[in-house]
Amino acid sequence: MSVTIYHNPRCNKSRQTLQLLRDRGIEPQIVEYLDTPPDAKTLDRFLTKLGMEPRELMRRKEAPYKALELADTSLDRTVLIAAMVANPILIERPIVVNGDKVALGRPPESVLEIL
């Protein structure tokens, strides 16, 4: 099983999700997404697999969300995804990928569905 976690080591939920995986004997590939964000195509695929729209995966309390006026409902999916790629702090975390399955680790136990 090849599992990847898009991880922020400063985030409690992300650390809990990583520990949950390790407790089950899974040592995932760790991508610190603030340093290495997913590209637009990958992020779009994650959103599709999660059944989410871009704003649902955005951290709306982060400064770039307000500064870039991302609450503007006229902005389309492409613009919102590009904003997340350019400002990865906007991406909710952690995202766990197992093959073609994707889960958001909020709560951490939600990733168990894709293992």
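Here is a short conversation about strand β3 and its surroundings in a predicted model.

Tutor: Welcome! Local features here need pLDDT of at least 70, side-chain atom pairs count only at pLDDT 80 or more, and totals for chains, interfaces and linings use all residues. Residues are numbered from 1 along each chain as its sequence is written, and side-chain values use heavy atoms, with hydrogens and water left out.

Student: Are the faces of strand β3 covered or open?

Tutor: Strands are DSSP runs of E with at least two residues, numbered from the N terminus. In a regular strand the side chains alternate between the two faces of the sheet. In β3 (residues 95-98), Ile95 and Val97 on one side and Val96 and Asn98 on the other are buried (under 20% relative accessible area, 1.4 Å probe, protein chains only). Both faces are therefore covered.

Student: Which residue in β4 stands opposite isoleucine 95?

Tutor: Two strands pair if DSSP finds at least two bridges between them. Four bridges join β3 to β4 (residues 101-104), and these strands run antiparallel. Opposite isoleucine 95 stands leucine 104.

Student: Which residue in the hairpin of β3 and β4 takes a positive phi?

Tutor: This hairpin has two residues between the strands. The positive phi, near 65°, belongs to glycine 99.

Student: Which residues touch the most other members of the largest nonpolar core?

Tutor: A nonpolar core is a set of buried Ala, Val, Leu, Ile, Met, Phe, Trp, Tyr and Cys residues joined through side-chain atoms within 4.5 Å. The largest has 22 residues. Those touching the most other members are Leu57, Met58, Met84 and Ile95.

Methods
Buried means under 20% relative accessible area, exposed over 50%, partly exposed in between (1.4 Å probe, protein chains only).
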